[in-house]
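Got the viewer open? Let's take a walk through this one together, one selection at a time.

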Amino acid sequence: MECTVIINGHSYDLPKKTMRIAERIEDVVKKDQMINLSVRQKFENMHACIEEILGVETAKEIFGSENLEELDLGEVTLTFKKIVD
């Protein structure tokens, strides 16, 4: 089954949802709910997951940078949610 996600008007193919990917997504969701992790740690984890699923170059294309300091964190969240959905 092929799945795509539309981000900023561009279509990106998602890899097959394997157990590794499902567990990685689950890890991000669990860590996002942890109160003892900083916001930085949560977004670093989410961004790293997006890079793992879509690829580093694709993530850089989507966000315009690899540097967490320069990213729109709302866009990171929305991108992750689109991948999960």
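Select helices α2 and α4 to begin: they pack at an angle of about 50°, and their axes are 10 Å apart. Angles from 65 to 115 degrees would count as roughly perpendicular and those under 35 as roughly parallel, so with this angle α2 is oblique to α4. Turn the pair until one helix sits in front of the other, and you are looking at a left-handed crossing. Keep in mind as you go that this is a predicted model.

Now show the side chains where these two helices touch. On the α2 side, pick Phe43, Met46, His47, Cys49, Ile50, Ile53 and Leu54; they meet Leu73, Val76, Thr77, Thr79, Phe80 and Ile83 of α4. Which classes of residue make up this contact, nonpolar, polar or charged? Colour them by class and you get 10 nonpolar, 3 polar and no charged residues.

**Stay on α2, add α3**

Hide α4 and bring in α3, residues 56–63. Helices α2 and α3 pack at an angle of about 120°, with 6 Å between their axes. That angle makes α2 oblique to α3. To see the contact, select His47, Ile50, Glu51 and Leu54 from α2, then Val56, Thr58, Ala59, Ile62 and Phe63 from α3. Sorted by class, the contact of α2 with α3 has 6 nonpolar, 2 polar and 1 charged residues.

**Zoom in on Leu54**

Leu54 has turned up in the contact with α4 and in the contact with α3, so give Leu54 a stop of its own. Is Leu54 buried or exposed? Its relative accessibility is 12%, which means that Leu54 counts as buried. Leave out residues up to four places away in sequence, and Leu54 touches Ile7, Asp13, Leu14, Ile62 and Ile83. Next, click on the C-alpha atoms of Leu54 and Pro15: they are separated by 7.6 Å, although the two residues are 39 apart along the chain.

**The other side of the tour: α1 and α2**

Select α1, residues 19–32, together with α2, residues 39–54. These helices pack at an angle of about 165°, with their axes 9 Å apart. Over 145 degrees counts as roughly antiparallel, so α1 is roughly antiparallel to α2. The crossing of α1 and α2 is left-handed.

For the side chains, show Arg20, Ile21, Arg24, Ile25, Asp27, Val28, Lys31 and Asp32 in α1, which meet Lys42, Asn45, Met46, Ala48, Cys49, Glu52 and Ile53 in α2. Try colouring by class again: the contact of α1 with α2 divides into 7 nonpolar, 1 polar and 7 charged residues.

**Hunt for salt bridges**

How many salt bridges does the structure hold? There are 6, and a few of them make good stops.

- Start with Lys31 and Asp27, a salt bridge whose closest N and O atoms are 3.5 Å apart. Both residues lie in α1, 4 residues apart, or about one turn of the helix. Lys31 is partly exposed, at 31% relative accessible area, and Asp27 is partly exposed too, at 26%.
- Now widen the selection to Arg24, Asp27, Lys31 and Glu52, which are linked in a network of salt bridges.
- Still in α1, find Lys30 and Glu26, where the closest N and O atoms of the salt bridge are 3.9 Å apart. This pair is also 4 residues apart, about one turn of the helix. Glu26 has 42% relative accessibility, so Glu26 counts as partly exposed.
- Finish with Arg40 and Glu69, whose salt bridge brings the closest N and O atoms to 2.5 Å. This pair links distant parts of the chain, 29 residues apart: Arg40 is in α2, while Glu69 is in the loop between α3 and α4. Arg40 is partly exposed, with a relative accessible area of 44%, whereas Glu69 is exposed, at 55%.

**Last stop: Asn8**

Jump to the loop between β1 (3–7) and β2 (10–14) and click on Asn8. What sign does the phi of Asn8 have? The phi is positive, about 55°, although Asn8 is not a glycine. Most residues other than glycine have a negative phi. At 47% relative accessibility, Asn8 counts as partly exposed.

Key. Residues numbered from 1 in each chain as written. Predicted model: local features only at pLDDT ≥ 70, side-chain atom pairs only at ≥ 80, totals over all residues. Heavy atoms only, no water. Axes fitted to C-alpha atoms, helices over the stretch in contact; angles between N-to-C directions. Left-handed = near helix turned anticlockwise from the far one by under 90°. Contact = heavy atoms within 4.5 Å. Nonpolar A, V, L, I, M, F, W, Y, C, P; charged D, E, K, R; others polar. Buried < 20%, exposed > 50% of the residue type's maximum accessible area, 1.4 Å probe, protein only. Salt bridge = Lys/Arg side-chain N within 4 Å of Asp/Glu carboxyl O.
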